[in-house]
Amino acid sequence: MKPDRTLRTAADLVAAGLLREGRRPEVEAVAERYAIAVTPTVAGLIERSDPADPIARQFVPDASELVTTPEERDDPIGDLTHSPLEGIVHRYPDRVLLKAVHVCPVYCRFCFRREMVGPDGLGTLAPEALERAVAYIADHPEIWEVILTGGDPLVLSARRLEDILARLAPIPHVKIVRLHTRVPVVEPERIDARLIGALRASGKTTYLAVHANHPRELTAAARAAAARLAEAGVALLGQTVLLRGVNDDVSVLAQLMRGLVEARIKPYYLHHPDLAPGTAHFRLTIAEGQALVAALRGRVSGLCQPTYVLDIPGGHGKVPISAASVRMAGEGCYTVSDWQGREHLYPPASMGE
Ligand code: SF4
């Protein structure tokens, strides 16, 4: 059953058959702290009879969100530590995040920025703040890439996106504009000709990183949206969060990664879940993640392999965390493990004549 509007309250979820009336008080308690939004497309994907449905788990609130563990933090990846001014996060020399909006079409229950997004979050960048953020980018010639994130930048109108990209267009050192979004999957009808036109910044290369966590999210409508973007020359990347009860299974991951590649979306990152408050029920151990990624390597083509990454808590950046397949074996030799876990010796470098 597909509702005709986005569901935003516990009562909406009950009316749509996504929540039992008995659970309504707990979801109302969660909603006091974290925003709720389930688009018609997402609601239509949820299997009501399955209490462990992987789509519902991502979007329908749960009482576990009220439990914050000691290691969790409000700003798990340290955006605020690296924010020289409102709307900018400058963590690495050659790229910045430009956070123009803190609204999303859906609110993921595991969101790493859950304290910043939503109706009570940091809102939309005011015109003067946007001007200051663009001036900062223009004043820093080392910035090669601008990453529009938030929130989800594709909730902005085409006119607003055009305005932001037109401001970036004259900055010669910015070559790449990347936008991170859930929209092609959760609200694919939004990807129309006007919006696609707005994504093309004159003189820049545009990448769109599409967030998808389960193969069922790659509906015919989502794949058609990806095709429209690809045909317009927008390069597509996939990003996935590894989540307990959603995609912590090698067959599910393999199906998702293949589905992305078939839709012309190159899997880019597989994120280890961040230490966001109230998300312990989603987190795997790093060892569990490494085992899944190793199994995926043996199962699907190299095209389907994302890089498994951890954002080091506190804002120290992303690091790849796949299990090492190479180790020193002494006297300049290395032991290299293949995809079946068999070990092989790699010889030392020869100095030649
Ligand atoms: S779309 Fe991204 S920023 Fe928005 S709630 Fe989901 S994970 Fe968070």
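A salt bridge is counted here where a side-chain nitrogen of Lys or Arg lies within 4 Å of a carboxyl oxygen of Asp or Glu. The model is predicted, so local features need pLDDT of at least 70 and side-chain atom pairs count only at pLDDT 80 or more, while totals for chains, interfaces and linings use all residues. Residues are numbered from 1 along each chain as its sequence is written, and side-chain values use heavy atoms, with hydrogens and water left out.

**Salt bridges**

The structure holds 26 salt bridges. Three of these pairs are listed below with their N to O separations.

| Acidic residue | Basic residue | N to O distance |
|---|---|---|
| D12 | R5 | 3.1 Å |
| D74 | R33 | 3.9 Å |
| D311 | K318 | 3.3 Å |

Burial is described by relative accessible area: buried is under 20%, exposed is over 50%, and partly exposed is in between (1.4 Å probe, protein chains only). D311 is buried at 7%, and its partner K318 is partly exposed at 29%. In the pair of R5 and D12, R5 is partly exposed at 45%, whereas D12 is buried at 14%. D74 is partly exposed at 47%, and R33 is likewise partly exposed, at 43%.

The salt bridge between D74 and R33 joins two loops. D74 lies in the loop between α4 (54-59) and β1, and R33 in the loop between α2 (24-31) and α3 (40-45), so the pair ties together parts that are 41 residues apart in sequence. Helices (H or I, at least four residues) and strands (E, at least two) are DSSP runs, numbered from the N terminus.

**Pockets**

A pocket is an open set of points on a 1 Å grid over the protein atoms alone, with protein on both sides within 12 Å along at least five of seven lines; a cavity is a set where a 1.4 Å probe fits but cannot get out, and lining residues have an atom within 4 Å of a point. Volume is the space filled by probe spheres set on the points, which are joined across faces, edges and corners.

The largest pocket has a volume of about 780 Å³. Its lining comprises 37 residues, and F112, R113, T149, H180 and Q239 are those nearest the centre. Strand β3 gives the most to this lining, with four residues. By class, the lining has 18 nonpolar, nine polar and 10 charged residues. For this count, Ala, Val, Leu, Ile, Met, Phe, Trp, Tyr, Cys and Pro are nonpolar, Asp, Glu, Lys and Arg are charged, and the others, Gly among them, are polar.

R113 is placed in the loop between β2 and α5 (127-138). With 4% relative accessibility, R113 counts as buried.

The second largest pocket holds about 420 Å³ of space. Of its 22 lining residues, L18, R23, D50, P51 and A56 lie nearest the centre. Its lining divides into nine nonpolar, three polar and 10 charged residues.

**Cavities**

Two cavities of 30 Å³ or more are present. The largest cavity contains about 60 Å³ and is lined by Y34, A35, Y107, C108, R109, C111, R114 and V117. The second largest cavity has a volume of about 40 Å³. Helix α9 (220-231) and α7 (183-186) each supply at least two residues of the lining of the second largest cavity, and the largest share, three residues, comes from α9. Eight nonpolar residues, no polar residues and one charged residue make up that lining.
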